[in-house]
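Reader: Hello! I am new to this structure and would love a close look at a single part of it. Please pick one spot, start there, and then show me how the surroundings connect to it.

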Amino acid sequence: QVQLVESGGGLVQAGGSLRLSCAASGRIFSINAMAWYRQAPGKQRELVAAITSGSSTNYAESVKGRFTISRDNAKNTVFLQMNSLKPEDTAVYYCNAQIRSVGGATYKNYWGQGTQITVVS
């Protein structure tokens, strides 16, 4: 069974920084793209940042220049460094990964449990 476990959420003042981590575990054969999404109250889940297996990245316009996504392929882990946080960044942040399990024929989409980020002014 494959699972994603996130850590690093919390409460921070505007202008501060946080770093999220998401580790994939289980019978993993390979991981393709990994990403972070967020969902604010009353809003749809949106893509924040994504990174391919070759470390190409893309970001939502609202976080460009402030957030950095990276990954450690040896540890099956993806990170999100968040700087210059704003109150509008407040949301539940979800890790996402396309994972092919051992014995599996295709990549499947997996989600973490979510971690709350609250930015106060």
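Author: Let's start with the hairpin of β9 and β10, where six residues sit between the two strands and glycine 103 takes a positive phi near 85°. Please keep in mind that this is a predicted model. Strand β9 covers residues 91-101 and strand β10 covers residues 108-111, and the two pair in the antiparallel sense over four bridges. To see the pairing for yourself, find glutamine 98 and look across to β10, where asparagine 109 stands opposite.

Now follow β9 away from the hairpin, to its cysteine. How many disulfides does the structure hold? There is one, and it joins cysteine 95 to cysteine 22, with the sulfur atoms 2.1 Å apart. Cysteine 95 belongs to strand β9 and cysteine 22 to strand β3, so this pair ties together parts that are 73 residues apart in sequence. A disulfide is a covalent bond between the sulfur atoms of two cysteines. Here the torsion about the S-S bond is about -80°, so the disulfide is left-handed. Are its two ends buried or exposed? Cysteine 22 has a relative accessibility of 0% and cysteine 95 also has 0%, and because buried means under 20% relative accessible area, both count as buried.

Strand β9 also matters for the nonpolar core. Which element gives the largest share of the largest nonpolar core? That is β9, with five residues. The core has 31 residues, and those that touch the most other members are Trp36, Leu80, Met82, Tyr93 and Ile99. The elements giving two or more residues to the core are β3, β4, β5, β7, β8, β9 and β11. For one residue's view, take tyrosine 93: leaving aside neighbours within four places in sequence, its contacts include Trp36, Leu80 and Met82. Among the others that tyrosine 93 contacts are Glu6, Leu20, Tyr37, Arg38, Val48 and Phe67. The list for tyrosine 93 also has Gly114, Thr115 and Ile117 in it.

Arg38, one of those contacts of tyrosine 93, brings us to the charged pairs. How many salt bridges does a search of the whole structure find? The search finds four. In one of them, aspartate 89 pairs with arginine 38, the closest N and O atoms being 3.0 Å apart. Aspartate 89 lies in the loop between β8 and β9, while arginine 38 lies in strand β4, so the pair ties together parts that are 51 residues apart in sequence. Both of these partners are buried. Aspartate 89 also meets the side chain of arginine 66 in a salt bridge, at 2.7 Å from N to O. This second pair links distant parts of the chain too, since arginine 66 is in the loop between β6 and β7, 23 residues from aspartate 89. Arginine 66 counts as buried at 10% relative accessibility, and aspartate 89 does so at 1%. Together with Glu46, the residues Arg38, Arg66 and Asp89 are linked in a network of salt bridges.

For a contrast, turn to lysine 64 and glutamate 61. Their salt bridge brings the closest N and O atoms to 2.7 Å. Lysine 64 is partly exposed, with a relative accessible area of 44%, and glutamate 61 is exposed, at 63%.

Let's go back to the disulfide by another route. Threonine 77 lies in strand β8, which spans residues 77-82. Not counting residues up to four places away in sequence, threonine 77 touches Cys22, along with Ala23, Met34, Ser70, Arg71 and Asp72. The side chain of threonine 77 also reaches the backbone oxygen of lysine 75 at 2.8 Å. Threonine 77 is buried, with a relative accessible area of 9%.

One last stop is just past the strand that holds cysteine 22. Where does glycine 26 lie? It is in the loop between β3 and β4. Apart from neighbours within four places in sequence, glycine 26 is in contact with Gln1 and Val2. From the C-alpha of glycine 26 to that of alanine 50 is 22 Å, with the two residues 24 apart in sequence.

Notes
Residues numbered from 1 in each chain as written. Predicted model: local features only at pLDDT ≥ 70, side-chain atom pairs only at ≥ 80, totals over all residues. Heavy atoms only, no water. Buried < 20%, exposed > 50% of the residue type's maximum accessible area, 1.4 Å probe, protein only. Polar contact = N/O pair within 3.5 Å; in protein donor to acceptor, adjacent residues only side chain to side chain. Contact = heavy atoms within 4.5 Å. Pairing = 2+ DSSP bridges. Disulfide = S-S within 2.5 Å. Core = buried A, V, L, I, M, F, W, Y, C linked by side-chain atoms within 4.5 Å.
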